[in-house]
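Let's take a walk through this structure together, one stop at a time. Have the sequence and the 3D view open as you read.

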Amino acid sequence: MKTELIKGDITKIPADAIINAANSSLLGGGGVDGAIHRAGGKQILEECIQIRNRQGKCKTGQAVVTSAGNLPAKYVIHTVGPVWNGEEDKSSKLLEDCYKNSLQLAESLGIKTIAFPDISTGIYKFPKELAGKIAVETVQNFQSDSIEKVIFVCFDDDNEKIYKKLLD
Ligand code: AR6
């Protein structure tokens with residue numbers, strides 16, 4: 001599994017799946033979630049509503065999949081990161097779950113390329129260095145038959161610097 005760093009907007013990435021840093025309502029929000037729903041159009045929200053009607057809210061650390069509407073990707077995998085509250089062990093485990101469960105879901109769909117944003121490091125205020133370390137380690141430790149490439153999409157300069165160092 002190759003890893004790559006891209007600075008920019010995840011809605012522009014033509015990967016098989018892009019990951020959304022959603023909230024447990026699955027009904028959209030700000031940050032990358034807002035950008036994905038805006039660019040992807042109403043198809044994504046409609047499918048999120050169907051998932052909610054079927055299984056209720058999405059718990060922190062879990063992941064669900066929809067199609068990608070008008071985006072260049074094929075699928076959007078929505079995962080819910082932890083809100084940082086200073087409980088490092090508990091929050092780290094939940095963030096690790098986000099990456100693991102998203103990768104597992106991608107694997108079950110036979111996906112080859114997948115792009116992650118820096119989950120929880122915006123509105124949810126997870127410390128960026130720790131989040132980056134968890135993201136990179138979890139991806140590098142994941143054994144996959146189908147996934148060939150994981151792209152870390154950094155939107156802000158801080159995360160770009162952190163990921164550059166981690167991936168070197
Ligand atoms: N492409 C890639 N990354 C982005 C983009 C983009 N277009 N826009 C922002 N980021 P955040 P969270 C980066 O706040 O912290 C929403 O309201 C951003 O710089 O999007 O997990 C949800 O509905 C940051 O590094 O997500 C939830 O309520 C990273 O994406 C809540 O925010 C994550 O920032 C989730 O908070």
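Ser25 is buried, because its relative accessible area is 19% and the cut-off for buried is under 20%. Keep in mind that what you're looking at is a predicted model. You'll find Ser25 in the loop between strand 2 (17-22) and helix 1 (31-40). A polar atom of the Ser25 side chain lies 3.0 Å from the backbone nitrogen of Leu27.

Asn23 sits in that loop between strand 2 and helix 1 too, and its side chain has a polar contact with the side chain of Ser25, at 2.6 Å. The Asn23 side chain also reaches the backbone oxygen of Gly28, here at 3.2 Å. So what else is Asn23 close to? Look at the ligand: one of its oxygen atoms is 2.7 Å from an N or O atom in the side chain of Asn23.

Now stay with the ligand for a moment. How many residues surround it? There are 22, and the closest are Asn23, Gly30, Val32, Asp33 and Thr121. Backbone atoms join in as well: a nitrogen atom of the ligand is 3.0 Å from a polar backbone atom of Ile10, and an oxygen atom of the ligand is 2.8 Å from a polar backbone atom of Ser120. On its own the ligand has 700 Å² of accessible area, and the protein covers 91% of that.

Back to the loop between strand 2 and helix 1, where Leu26 has its place. Is Leu26 buried or exposed? With a relative accessible area of 2%, Leu26 is buried. Its backbone has something to notice: phi of Leu26 is near 60°, a positive value in a residue other than glycine. Lys125 has a positive phi too, near 60°, and it is likewise a residue other than glycine. Lys125, though, belongs to the loop between strand 5 and helix 4, and at 61% relative accessibility it counts as exposed.

From Leu26 you can hop over to Gly56. These two are 30 residues apart along the chain, and 9.5 Å separates their C-alpha atoms. Gly56 is in the loop between helix 2 (42-55) and strand 3, and its relative accessibility of 25% makes it partly exposed. Gln62 lies in the loop between helix 2 and strand 3 as well, and it is partly exposed at 38% relative accessibility. If you trace from Gln62 to Leu95, you go 33 residues in sequence, while the C-alpha atoms are 9.6 Å apart in space.

Move on to strand 3 itself (residues 63-67), where you'll find Val65. Val65 counts as partly exposed, with 26% relative accessibility. Val65 and Asp145 are 80 residues apart in sequence, and from C-alpha to C-alpha they are 19 Å apart in space.

Next up is strand 6. Why can we call strand 6 (residues 149-154) largely enclosed by the rest of the structure? Because 5 of its 6 residues are buried. Which strands does it pair with? Strand 1 (residues 2-7) runs parallel to strand 6, and 6 bridges join the two. Strand 5 (residues 113-116) is also parallel to strand 6, with 4 bridges between them.

Pick out Ile151 in strand 6 to see both pairings at once. Ile151 is the bridge partner of Glu4, and Ala115 stands opposite Ile151 as well. As for side chains, in a regular strand they alternate between the two faces of the sheet. You can also follow the chain from strand 5 through helix 4 (residues 128-141) to strand 6: together these three make a right-handed β-α-β unit.

Finally, zoom out. UniProt, in an unreviewed entry, places the feature "domain: Macro" at residues 1-168. Over that stretch the chain is 42% helix and 20% strand. The C-alpha atoms at the two ends of residues 1-168 are 15 Å apart.

Note on methods
Residues are numbered from 1 along each chain as its sequence is written. This is a predicted model: local features need pLDDT of at least 70, side-chain atom pairs count only at pLDDT 80 or more; totals for chains, interfaces and linings use all residues. Side-chain values use heavy atoms; hydrogens and water are left out. UniProt positions are given in the numbering used here, feature names are shortened, and annotations may be inferred rather than shown by experiment. Buried means under 20% relative accessible area, exposed over 50%, partly exposed in between (1.4 Å probe, protein chains only). Two strands pair if DSSP finds at least two bridges between them. A crossover is right-handed if, with the strands pointing away from the viewer, the path from the first strand over the helix to the second runs clockwise. A polar contact is a pair of N or O atoms within 3.5 Å; within protein, one must be able to donate a hydrogen and the other to accept it, and residues adjacent in sequence count only if both atoms are side-chain atoms. A residue is near a molecule or strand if one of its heavy atoms lies within 4 Å of it. Accessible areas come from the Shrake-Rupley method with a 1.4 Å probe; for residues, only the protein chains shown count as cover.
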